[in-house]
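Reader: I am new to this structure and would be grateful for a close look at a single part of it. Please set that part in the context of the whole chain before turning to its details.

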Amino acid sequence: MKIQNVFIYYKNFGFKLLGLLCVLLGIIGVALPVMPTTPFLILALACFARSSSALESWLLNHPRFGTTLQHWRAHQVVPVKAKYAAGIGMLIGFIFLLYSSPPSWVIVLVAVVEVLVLTYLISKPSTPPKN
């Protein structure tokens, strides 16, 4: 067996494992309001695209998440509902952070990251272009 084949095998195995972990975190995110679902599924899709066409196809054709993932892949669409959910989830998390009395630098760092993430989400289209 060539060393290149071994490397490819372990790379694919690692991407599959990471993709499955992201799917699991996405499923947990469905049940927990503060945990996001879509970003984990987008990351899982990227992992499966590099390791398993069967798992990639399964995710793209999933009855609940498939359409959203297809729109993301084709046009980087983030639905309005997802933007609101992300914003509300980050706000709730930030409020919990404030009540836990962290150091000021943590509050500033989290606030800056959340503003950057929201800016990124808002900059993405909410619907696919009409052709």
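What radius of gyration does the protein chain have, beside that of a compact globule of 131 residues? With that settled, I would ask for a close account of helix α4 (residues 66-75) and the residues that concern it.

Author: The model is a predicted one, and the protein chain has a radius of gyration of 18 Å, whereas a compact globule of 131 residues would have a value near 14 Å. Along the principal axes, the C-alpha atoms of the chain fill a box of roughly 55 × 40 × 25 Å. Buried residues account for 25% of the 131 residues. The accessible surface comes to about 9100 Å², and carbon and sulfur atoms contribute 71% of that area.

As to confidence, the average pLDDT of the protein chain is 90, and 98% of the residues score at least 70. Among the elements, the lowest mean pLDDT, 88, belongs to helix α5 (residues 80-99), and the highest, 94, to helix α3 (residues 53-60). Where pLDDT is low, the predicted coordinates should not be read in detail.

The chain contains six helices and zero strands, and its pattern along the sequence is accordingly written α-α-α-α-α-α. Of the contacts between residues at least 6 apart in sequence, 58% join residues at least 24 apart.

Helix α4 may now be taken by itself. Its residues Gly-66, Leu-69 and Trp-72 are buried. When the helix is seen down its axis, these buried residues fall within an arc of 130°, so they line one face of α4. The cover over the buried residues of α4 includes α2 (38-49), α3 and α6 (104-123).

One of these covering helices, α3, is also joined to α4 through side chains. Arg-73 forms a salt bridge with Glu-56, and the closest N and O atoms of the two are 2.7 Å apart. This pair links distant parts of the chain, since Arg-73 belongs to helix α4 and Glu-56 to helix α3, with their positions 17 residues apart in sequence. By the rule applied here, the count of salt bridges comes to one. The two partners differ in their exposure. Glu-56 has a relative accessible area of 15%, which is under the 20% limit, and therefore counts as buried. Arg-73 has a relative accessible area of 40%, which lies between the limits of 20% and 50%, and so counts as partly exposed.

The end of the helix also deserves attention. α4 is followed by Gln-76, whose phi is positive, near 55°. Gln-76 has this positive phi although it is not a glycine. Gln-76 lies in the loop between α4 and α5, and its relative accessibility of 34% makes it partly exposed.

A second residue offers a parallel in a later loop. Ser-101 is not a glycine, yet it has a positive phi of about 55°. Ser-101 is placed in the loop between α5 and α6. At 61% relative accessibility, which is over 50%, Ser-101 counts as exposed.

Some distances across the chain complete the setting of α4, beginning with its covering helices α3 and α6. Ser-123 is found in helix α6 and is exposed, at 53% relative accessibility. Ala-31, placed in helix α1 (residues 3-31), is likewise exposed, at 63%. The C-alpha atoms of Ala-31 and Ser-123 are 27 Å apart in space, and the two residues are 92 apart in sequence. From Ser-123 to Lys-16, the C-alpha distance is 30 Å, with a separation of 107 residues in sequence.

Beyond α6 the chain continues into a further segment, where Pro-129 is found. Pro-129 has 44% relative accessibility and counts as partly exposed. Pro-129 and Leu-59 are 70 residues apart in sequence, and their C-alpha atoms are 22 Å apart in space.

In summary, α4 has buried residues Gly-66, Leu-69 and Trp-72, which line one face of the helix. Their cover includes α2, α3 and α6. Arg-73 of α4 is held in a salt bridge with Glu-56, and Gln-76, with its positive phi, follows the helix.

Technical notes:
Residues are numbered from 1 along each chain as its sequence is written. This is a predicted model: local features need pLDDT of at least 70, side-chain atom pairs count only at pLDDT 80 or more; totals for chains, interfaces and linings use all residues. Side-chain values use heavy atoms; hydrogens and water are left out. pLDDT is the predictor's confidence in each residue, from 0 to 100. Helices (H or I, at least four residues) and strands (E, at least two) are DSSP runs, numbered from the N terminus. The radius of gyration is taken over C-alpha atoms; the globule rule is 2.2 Å times the number of residues to the power 0.38. Buried means under 20% relative accessible area, exposed over 50%, partly exposed in between (1.4 Å probe, protein chains only). Contact means heavy atoms within 4.5 Å. Accessible areas come from the Shrake-Rupley method with a 1.4 Å probe; for residues, only the protein chains shown count as cover. The arc is that of the directions from the helix axis to the C-beta atoms. A salt bridge is a side-chain nitrogen of Lys or Arg within 4 Å of a carboxyl oxygen of Asp or Glu.
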